[in-house]
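Here is a short exchange between a colleague and a modeller about one protein structure. Please look at it before reading on.

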Amino acid sequence: MGLSETLNAGQFFYLVPFVVFFPVIGLLINLFLGKWFGEKGIGTIACLASGASFIIAVLLGIALLGQPEGMTLPYLNWIKIGSLQLDWAFRVDTLSVTMMLVVGGVGTLIHIYAVGYMHDDVRHNGDPGRFRRFFVYFNLFIAAMMILVSASNYMMLFIGWEGVGLCSYLLISFWYDKGKDGIGNALAGKKAFIVNRIGDFGFLIAAFLMFKYFQPLAPGGVFTFDFQMVAELAPQVPATIIIAITLFLLLGVTGKSAQLPLYVWLPDAMAGPTPVSALIHAATMVTAGVYLITRSHAMYSLVPVAQNWVAIVGGVTALFAATIAVGQFDIKKVLAYSTISQLGFMVAAVGMGAYVAGMFHLVMHAFFKALLFLSAGSVIQGVERGEHHVMHDPTLRKRMKHEAHFDPQDMRNMGGLRTKMKTTFWVYLIGSLALAGIVPLAGFWSKDEILTEANALNPVVLWLLVIAAFFTAFYMGRQVFMVFFGEPRTEPSAHAVESKAIITIPLIILALLSLTGGFLNFPTLHTFTTWLDHIFKAVVEGGAAGEAEAVGFNFMIAIGSTVIAVGGILLAWYLYMRRARQSEHLPLNQRPDDPLRSMLGPVFTLLENKYWVDELYGYVIVKPYQWLSHFLAEKVDWDFWHDFVHDKILVGAYNGITRILAGPIDLGIIDGFANFLGDGFKELAAQMRKLQSGFVRNYALSIFIGVIFIIGYLILRLG
Amino acid sequence: MLPVHYYLGLSVILFIIGTLGVLIRRNAIVVFMSIELMLNAANLAFVAYALYWQSMNGQIFVFFIMTVAAAEVAIGLALIVTIFRTKASIDVDQISTLKG
C-alpha cells in the first residue's frame, strides 16, 4: 500500500465527475465542431473522451486501494420537494469503480475498433455523413453508463438507466432506413425501446414504493434515495414491502439485462452496427441489471423469496437462451443469445447472493463477449470485402449463387476463414474458449465460481446452469467450426480479407484480457473478492448469512464443468467436422446446412424459430394491443366519438337547434311579426291612399262628416 | 228682443247653405264664397251667444274670424289667380295633383 499512501488517495475521489464530463465534452465537440474534423479527428476526439474517463476510473481505483471504503461526493442539489431530496451525488466505492473500469476500458477499446469499423460500414451502407453521428451517440452512451454506475442514489441511477436505453434505441436503429422493408432496423430500435420501457415501469414502481415506505423512516423525514440510506433503513421496513420492491426492481432488471420474459429485444438489437452490439449488448448496458441487484443487495439479502425468484429467472434464462443459440445461423444472433444466457448466469449468481461471483463474471464477460462481437464484426467485414472482390471479378461473379441478397452475417455463407483471417481467427478462438469455460481462460474462473456458489446455495439453479454451460460450449464450438473451419461455402467467404490493424489491435488486447482476466480472482488469492468485500460487509454483519463470502475452490465442480465444456466442443466438432465431411461428395448447394436439422427434426425448427416467443408475444400482446388500439382509434375515437358524438350528436344537435332558431323562430315568428307589421301598414297605407283623392270637395265632405260625428258624440255624451 | 234660437237657427241655415255650397259647387270662387258664408254663420252664432251670455268673448272671436277671413280671401284669391294662369280653369275637380 506504499503507493496509495504517498498519493494522498482521497484527493483523487474529487475527480469522479469527470468520468461523466469527459464523454459529454467529447460528444459536444463532435456535435458542434465535428463536421470540420473529418473521420480521423472525430474518431480521435471520441476515443480520447472515452479514454480520459477510463484514466479517471483508474485513478479512482488507485485511490480506493488506500481508502477502500470509498466515499459519496455530493455535486449539486438536484431536486428538493418537501420530504424528497435528490442530490446529484457520485458514489465512489469498489463496486462502482469496477463498473467504471469495465465501461471505460472496454468502451474505449470498442471506440478504437469502431473508428476502423465504421469507416467501412458508412461506405458500405452508403452514408459517410453518419460517421460523426455514430461517435456522438457512442460518447453519449458512455456518459449515460457512467452516470448509471457512478450514481449514489436510485434516481440518479435511473437517469443513466434511461440514458443508456435512449442510446441503445438511437444506436440500434442507426441505419434506420435499412433492414426489412426499409424499416426493419427502425423497428428493432423501437422494440428495444418499448421492451425497456416495460422494465422501467417496474423500476419506477419500485422507486415509488421505496419513497412511500422508506420516507417516514428516514432521519428527519428527508428521503434521498441514497443507496446507503436505503440499505440502512431496509431492515425496518416490512418484509412484504421489500419483496414487492425487489420484485419490481427485478422487472426492471429483466428489461435492461434481457432476461425472461423481456429478453426479446436483444437479439433484434443486432440490427445496429457491430461495435454497438459489442458496447451495448455485451459490455455495458445489459450488465446494468446485474449491477442494480448488486447495488440493492441490502434489500435482496433481507428477502430470500425475492432472491430465489431472481436466481430462478437467471437460471432459466441462461438455459433457455443457450438452447436458442444452438439453432441460429446469424453470427451475431448466436452471440446475442449467448449474451442473454451469460447474463442469466450473472443474474442467477446475484440472485443467490453470490454477488462477487456475479460481478466477476460480469467483468470477464465484458472482456470476452466484447471480443467475440468485435471479431464477428471483423468476420462480417472480411466477408463483405470478399463479396466486393467477387462482384468486381467477372469470372468469379458467375459462380455466385443467384440470390437476391447475399447475407454476410449468415454462418452458412462462411467457412474456411481460418486461413483467410488469421488474427481474427485466433482472437475469436480465444474468446470462444473463454466463453465456453476452458481452463485457464477468463470465463472458466468466473463461471466456475458461479457454479461453485450454486452448488452450495441452490441446487436447482446449479443444474440449470450446468446444462446451459454445456450448450454454451456446444454452440460456440458449432460457430467456430462453421465459420472458420472446413472449406468456404461461398465465393465471398473464399475471398475474405483480414481487417486493418486499427480493428485487430483492440481485438488482440481484448484477447489478452480474456486469456488472463481470470487471475483477477484466482482461487486462494481472491483479489477481486477482497476488493469488493467492503460493499457486502454490512450485509454479512446484518445477519443475512455469509452468502457474499467466497466459497472455496471446488475441484469437483471445476473438473465437472471442464468436462462438460470439452464435451460440448467435441460434440460440435463431431457434428460439424466429421459429419460435414460425409456430405462432401454432394455439391455445395445440396449439403445440409446443419446436421442437427435432420437429427432433431421439429425440435431444431423450434430452436431455429426461437420457440416462437416473438410470435407468441405477437399473438398474446402485440396483436390484441394493436387490435385494441385500432378498435379505440377507429371505432371508439373515430366512429363513435368523432362521427357519432361529435358529428351526429353535437354538430347535429347544434345544427338542428340553429335551424329551428333560424327558421321557424327567427324567420317565422320574429321576422314574421315584423313583416306582418310592415305589410299591415303597407296595406293600410294602400287603402288610406285611396282616400287621398285630390278632390277638394271630398276632403271637405269628410271633414264635414267628421265634424258631425264629433258633434254628435259630444251631444250624446252630454245628453 | 228676439230669442237666441232665431239667431242660432239663422246661423245653422247659413252654415248648411255654406257647407252645401262647398260640397256641391265646382267653381272655386263660389266655394270660396260658401266658406265665407260658413264663417259668417259661425260669427252670427258667436255674436248671438255673446249677447245671450252678456260676454265679450264671442265678440272678440268674431274679430279674429273676420281677420282670418280677410287674410284667407287675400291668399285664396291669389291662389285662384295663379291656378287659373297655369291650368286655365278654376274648376276644383280639375285640380287633383295632390292625390295619394
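The questions below go through two strands, two helix contacts and one residue.

Modeller: This is a predicted model, in which local features need pLDDT of at least 70, side-chain atom pairs count only at pLDDT 80 or more, and totals for chains, interfaces and linings use all residues. Residues are numbered from 1 along each chain as its sequence is written, chains are lettered from A and ligands numbered from 1 in the order in which they are written, and side-chain values use heavy atoms, with hydrogens and water left out.

Colleague: How many bridges join strand β1 and strand β2 of chain A?

Modeller: Helices (H or I, at least four residues) and strands (E, at least two) are DSSP runs, numbered from the N terminus. Two strands pair if DSSP finds at least two bridges between them. β1(A), residues 71-81, and β2(A) pair in the antiparallel sense, and the number of bridges is nine.

Colleague: Which residue of β2(A) is the bridge partner of A:I79?

Modeller: β1(A) and β2(A) form a hairpin with two residues between them, and A:G82 in the turn has a positive phi of about 55 degrees. The bridge partner of A:I79 in β2(A) is A:L86.

Colleague: How many of the nine residues of β2(A) are buried?

Modeller: Buried means under 20% relative accessible area, exposed over 50%, and partly exposed in between (1.4 Å probe, protein chains only). Both faces of β2(A) are covered, with A:W88 among the buried residues on one side and A:R91 among those on the other. β2(A), residues 84-92, is largely enclosed by the rest of the structure, because the count of buried residues is nine of the nine.

Colleague: At what angle do helix α6 and helix α12 of chain A pack?

Modeller: Axes are lines fitted to C-alpha atoms, for helices over the stretch in contact, and angles run from 0 to 180 degrees between N-to-C directions. The axes of α6(A), residues 130-150, and α12(A) are 11 Å apart, and the angle is about 5 degrees.

Colleague: How many nonpolar residues does the contact of α6(A) with α12(A) have?

Modeller: Contact means heavy atoms within 4.5 Å, and the residues making this one include A:F134 of α6(A) and A:P275 of α12(A). Ala, Val, Leu, Ile, Met, Phe, Trp, Tyr, Cys and Pro count as nonpolar, Asp, Glu, Lys and Arg as charged, and the others, Gly among them, as polar. No residue of the contact is polar or charged, and the nonpolar number eight.

Colleague: What is the relative accessible area of A:G66?

Modeller: A:G66 is found in helix α4 of chain A, residues 38-66. A:G66 is partly exposed, and its relative accessible area is 41%.
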